[in-house]
Amino acid sequence: MKRKIKILASLLFLFGSLCLTAQTNNPTTMQKLINKTWTLVSNNANECLYKHQYTATQLIESVVCQEKTTSGNADFYLSNQIEATFDYSKVGNIQNGKYIIEYIPDLNGESIFHVDEIITITDTYLETKSLKSGSTFKFNRQ
């Protein structure tokens with residue numbers, strides 16, 4: 001009887017260890033998103049080049065048009081639900097989510113609140129959909 005209990009305990013320990021290992025090897029949405037340069041896929045060679053870079057708290061967007069570069073920053077966080085207002089307490093604190101919630105408090109006198117749905121994210125590909133315009137954006141990791 002003691003032998004059966006020891007075997008059962010060993011199997012449970014092994015199963016638990018395997019589950020923990022499997023969970024730690026699966027990167028979070030935030031880990032897939034940050035510290036990369038995402039370049040918008042475009043079919044038109046004459047269009048501007050759009051790049052997104054995410055830190056744990058900010059989206060940095062760069063636009064290159066006719067050899068002139070402009071850039072801007074937005075605070076962001078991830079969410080599993082569509083948000084109607086921006087919650088600064090969530091910035092940098094949520095590791096997984098289906099939505100990217102962005103906010104710029106003052107862009108030429110106007111505040112910008114934006115929600116993007118993450119359609120697909122891998123280590124090399126990001127596809128989002130703007131909930132405001134309904135447009136889909138495809139990015140490759142540069």
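A polar contact is a pair of N or O atoms within 3.5 Å, and within protein one of the two must be able to donate a hydrogen and the other to accept it. In this predicted model, the side chains of His52 and Glu61 form such a contact, at 2.7 Å. The report begins with the overall make-up of the chain and then returns to His52.

## Overall make-up

The protein chain contains two helices and eight strands. Read from the N terminus, the order of elements is α-α-β-β-β-β-β-β-β-β. The chain has 142 residues, of which buried residues make up 30%. Among contacts between residues at least 6 apart in sequence, 31% join residues at least 24 apart.

## His52 and its surroundings

His52 belongs to strand 2, which covers residues 49-54. The relative accessible area of His52 is 10%, and therefore this residue is classed as buried, the cut-off being under 20%. Apart from neighbours within four places in sequence, the residues in contact with His52 are Lys36, Thr37, Trp38, Leu59, Ile60, Glu61 and Phe139. Glu61 thus appears in this list and is also the partner of the His52 side chain in the polar contact of 2.7 Å.

## The largest pocket

His52 also takes part in the lining of a pocket. The largest pocket of the model has a volume of about 550 Å³. It is lined by 25 residues, and those closest to its centre are His52, Leu59, Glu61, Glu102 and Ile104. Several strands contribute to this lining: strand 2, strand 3 (58-65), strand 4 (68-79), strand 5, strand 6, strand 7 and strand 8 (136-141) each supply at least two residues. Sorted by class, the lining consists of 13 nonpolar, nine polar and three charged residues.

## Pairing of strands 5, 6 and 7

Strand 5 (residues 99-107) and strand 6 (residues 110-121) run antiparallel and are joined by seven bridges. Glu102, one of the residues closest to the centre of the largest pocket, stands opposite His114 in strand 6. The hairpin of strand 5 and strand 6 has two residues between the strands, and Asn108 in this hairpin takes a positive phi near 55°.

Strand 6 is also joined to strand 7 (residues 125-130), by five bridges and again in an antiparallel arrangement. Here Glu117 stands opposite Lys129 in strand 7. The hairpin that joins strand 6 to strand 7 does so through three residues.

Leu107 is found in strand 5. Its relative accessibility is 42%, so Leu107 counts as partly exposed. The C-alpha atoms of Leu107 and Ala74 are 9.8 Å apart, although 33 residues separate the two along the chain.

## Gln58 in strand 3

Gln58 lies in strand 3. With a relative accessibility of 26%, this residue is partly exposed. Its C-alpha atom is separated by 4.5 Å from that of Asp75, which is 17 residues away along the chain. When residues up to four places away in sequence are not counted, Gln58 touches Gln53, Asn73, Ala74, Asp75 and Phe76. Two of these contacts include polar contacts between side chains: one with Asn73 at 3.4 Å and one with Asp75 at 3.3 Å.

The side-chain polar contacts described in this report are collected in the following table.

| Residue | Partner | Distance |
|---|---|---|
| His52 | Glu61 | 2.7 Å |
| Gln58 | Asn73 | 3.4 Å |
| Gln58 | Asp75 | 3.3 Å |

## The loop between strand 3 and strand 4

Gln66 is placed in the loop between strand 3 and strand 4, and Glu67 is found in that loop as well. Most residues other than glycine have a negative phi. Gln66, however, is not a glycine and has a positive phi of about 50°. Glu67 likewise is not a glycine, and its positive phi is about 65°.

How accessible are these loop residues, Gln66 and Glu67? Gln66 has a relative accessibility of 81% and therefore counts as exposed. The corresponding value for Glu67 is 82%, so this residue counts as exposed too. The cut-off for this class is over 50%.

## Summary

His52 is a buried residue of strand 2, with Glu61 as its side-chain polar partner. His52 and Glu61 are among the residues closest to the centre of the largest pocket. In the loop between strand 3 and strand 4, Gln66 is exposed, and Glu67 is exposed.

Note on methods
Residues numbered from 1 in each chain as written. Predicted model: local features only at pLDDT ≥ 70, side-chain atom pairs only at ≥ 80, totals over all residues. Heavy atoms only, no water. Helix = DSSP H or I, 4+ residues; strand = E, 2+ residues; numbered from the N terminus. Buried < 20%, exposed > 50% of the residue type's maximum accessible area, 1.4 Å probe, protein only. Contact = heavy atoms within 4.5 Å. Pairing = 2+ DSSP bridges. 1 Å grid on protein atoms, 1.4 Å probe; cavity = no way out; pocket = protein on both sides within 12 Å on 5 of 7 lines; lining within 4 Å. Points joined across faces, edges and corners; volume = space filled by probe spheres on them. Nonpolar A, V, L, I, M, F, W, Y, C, P; charged D, E, K, R; others polar.
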